[in-house]
Structure formats: structure tokens, C-alpha cells
2 protein chains.
Amino acid sequence: MPATAAASSIDFWFEFASSYSYVAASVIDARGAAAGVAVRWRPFLLGPIFARQGWRDSPFNINPVKGRYMWRDVERRCAALGVPFARPTRFPQHTLLAARVATVAGDEGWGPAFGLAAFRANFAEGCDLGERATVAALIAALGRDPHAVLARAEGEDVKARLRDETARAEALGVFGAPTFTVGDELFWGGDRIDDALDRARGL
Amino acid sequence: MPATAAASSIDFWFEFASSYSYVAASVIDARGAAAGVAVRWRPFLLGPIFARQGWRDSPFNINPVKGRYMWRDVERRCAALGVPFARPTRFPQHTLLAARVATVAGDEGWGPAFGLAAFRANFAEGCDLGERATVAALIAALGRDPHAVLARAEGEDVKARLRDETARAEALGVFGAPTFTVGDELFWGGDRIDDALDRARGL
């Protein structure tokens, strides 16, 4: 039933500092389209959720053995998927401003375009999302006015919306990124994309 | 080249307390056979490796939100794969004796049979591997003499071998289970089985 399939959707919860979110962001729209499932990009902040787990840094830095594995694994995944990758010099990056801009972009229909551009800046192009100039350049490259967009992104309503989204993610049981949700069913990690899409299609 | 494929192998590092090791153990021999890759079952202890990460309990207990997700995810994986599953009443279980017996079983050619039986006892049959009687019954059900096997399992050489295997896992960069290794290339988690098998086949 194409009508039902077209009506189904998944939520893609992502954090710009997350390497595996980058890999997922690089494939999710194509995978969703192939499955006939709409993908809703939902930026949130992992920092406050990690802080509640007692972490003040990426778990991949806290445990360097796990971190070493992660970088090798991400490199392999990207190579297998044909996704560009260059290990960032700074990890994790400060992603608050980029997440606020992604919130604005989502409202205005350019969420995935900005999301992908910001992820690539971090994980393929050696840029630092913590730099305001980096974020402004990404906005400009998408044909938008950086000054106007940044002003909206730093308005109180957008700040509050991003906090609310983070709280919503946490309420859903999100503890890492990427996470895909279909209703209240969670799927953690890019390896669960197909499961999430199947769930959205009622399979 | 079937000759090359048949000669290739992967090491399957598992811990009987690990839920995702159970899922992997349930499918790995069939997946290896289908790929023409031999699978070497290598029991080790995750406890000492977790302790070095500062954990004295399963990360799924330390973080109950992640734990809740894990149980739901394992339940879904098992349902999808047709693998029996019943959430253990005790988690994690004390697996030292079972790992020692698995070491003996590996020497004597019944490693996978014991491994699978012990995993099922823990994650499908409501048994506690921390009970000596449980382990003895598993040995007996495989047509072996529990008294003789347990005596070998608790000999100094087997105790030392299991310690050495755990040290070898750690030296390879193992930080969780299941992990698959092909030479010094690591693949963490059941979602990387196909990648590990491809690597073993030189793909």
C-alpha cells in the first residue's frame, strides 16, 4: 500500500559532535526515500544527557581504547559507503550554535541541507563548528543570509526550542546519537536504520 | 578461490554475561559456514577489562536508560532472528566457572556446543551460570563427565590460560563483547559480523 508507506515517518535525532551521527546523516535520506518513509531531522544536544550519565567529555575520549576503535570503525564505514571522511583535529566540537541554526533551518525547510553541510564541515573538511565563522560560512554557502539566520538562531524562542527538543529526546529514552524513533520505539545507532524504517512501514 | 576462503578464519571473543554475545553466539557458526570462514570461539572475561574502565558493574546497569534500551533491542533482535530469549532474573551473572569450562571445551572440540548451551541457560532458560550445579548440568547434558571436566577447568593451567586470553583480548584493543578479530583488525558487536567475515575473505 504505497499510500500508507508514504504517510509513515521516522525521527532522526542527531548531534553534530557525534561521528556516528555523521555517518547516519550521510545515508538516511536516501535510505528513507528507498523505503518510502519520510525522515524528520531533529537536532538535539547530547552534552546535557551525557552529563546526567556523569560524563563531561565524549565517551570515546574518556575511554581511549574505545575511541581508537571508533575512529577506525568510522573510517571503514565511510569507505564502504563512499562517504568522505577526515578525522577532525578537535573532538568533540562545540555544537551549540550549529544545533540552534539547524533548528531554524528545520523550521524553514533547509534542515537536512544544513545538517549535512555542518556534519561534513566537522568530519570531512577539517573545520571547527565551534567557530562562529564556520557556521556563518555554511549558511552563506546554502544561499542564506548568515547575519539574519544567526540572529534568529540566537533568539530566545529558538534557544528554548532546542532545550525542549533535548528534554523530549531524553524523555523518549535517548542516551546517545544517532537515535531513530518511531512513536515511542527507539533504535540506537546507524546499524538500526533498516529496523527503524521497517517499523515505520509496519513490517 | 574456495581454497583460500576455506582457509580463512575469524576469532569470536565472547563473555557469557554479555547479552549481545548471546545473540552473536546464536548465529555466528551459520554465518561463518555460509561465508566459508572458520570461527574460533574464544572465551574471555570482560570484568577485568571493565574494571580498568572504572566499571564494577555492567554498563547497562550503571546506566539504566541504556539498559532498558538494550533489553528491548535484544528482545527485538532475538525475535527477528528466531532466537529464544527470556530476560535473566540476575544480570550480569558470575561467569568465571563457565568461562573456564569453555576453555577446556575449546581444547577438546566441544567449545561451541558448550558455549551455546551456557548462553541459552543464561539468556533463554532462566538459569544462573553462577551456580556450580547449572554448569555441571550443562556439561552432563553434552554427554561429558561434570566431575572430571570441572576438575580440569579449575586446574591451574586452565585458570592461567583464561587470564592470558583476557590479557590477549585487552592487548588487541577489545573493550566489549562480542568482538570479532581478523588479525589485528577489530569488529565490535554483532552488527559487524558481515564486515569481519568479509575481511577474513579478503573482500
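A residue is buried if 20 or more other C-beta atoms lie within 10 Å of its own. That cut-off is used below for one helix of this predicted model.

**A helix inside chain A**

Helix H7 of chain A covers residues 111-123. Which of its residues are buried? By the cut-off above, they are Gly111(A), Phe114(A), Gly115(A), Ala117(A), Ala118(A), Phe119(A), Ala121(A), Asn122(A) and Phe123(A). An α-helix has 3.6 residues a turn, so residues three or four places apart point the same way.

What do the buried residues of H7(A) pack against? Their partners are two strands and three helices of chain A, listed here.

| Partner of the buried residues of H7(A) | Residues |
|---|---|
| strand E1 | 9-14 |
| helix H2 | 19-35 |
| strand E2 | 38-43 |
| helix H6 | 96-108 |
| helix H8 | 132-141 |

The length of H7(A) can be checked too. It has 13 residues, and at 1.5 Å a residue these should span 18 Å. The end C-alpha atoms of H7(A) are 18 Å apart, so the two values agree.

**Chain A as a whole**

Chain A holds 11 helices and four strands. Its radius of gyration is 16 Å, close to the 17 Å that the globule rule gives for 203 residues. Chain A is therefore as compact as a globular protein of that length. Along the principal axes, its C-alpha atoms fill a box of roughly 45 × 40 × 35 Å.

Of the 203 residues, 43% count as buried. Contacts also link distant parts of the sequence. Among contacts in chain A with a separation of 6 or more, 72% join residues 24 or more positions apart.

**Where chain A meets chain B**

How many residues of chain A are in contact with chain B? There are 11, and they touch 11 residues of chain B. Helix H5 (64-81) and strand E4 (185-188) of chain A each supply at least two residues of this side. The largest share, four residues, comes from H5(A). By class, the side of chain A that touches chain B has five nonpolar, three polar and three charged residues.

**How the copies are related**

A turn of 180 degrees, with a shift of 0.0 Å along the axis, lays chain A on chain B with an RMSD of 0.0 Å. The two copies are thus related as by a two-fold rotation axis. In chain A, the C-alpha nearest the axis belongs to Asp191(A), 3.3 Å from it. Both copies use the same surface: 100% of the contact residues of chain A recur in chain B.

Key. Residues numbered from 1 in each chain as written. Chains lettered and ligands numbered in written order. Predicted model: local features only at pLDDT ≥ 70, side-chain atom pairs only at ≥ 80, totals over all residues. Contact = placed C-beta atoms within 7 Å. Nonpolar A, V, L, I, M, F, W, Y, C, P; charged D, E, K, R; others polar. Least-squares fit on C-alpha atoms with pLDDT ≥ 70 in both. Expected span 1.5 Å × (residues − 1). Buried ≥ 20, exposed ≤ 12 C-beta atoms within 10 Å, placed from the backbone. Rg over C-alpha atoms; globule rule 2.2 N^0.38 Å.
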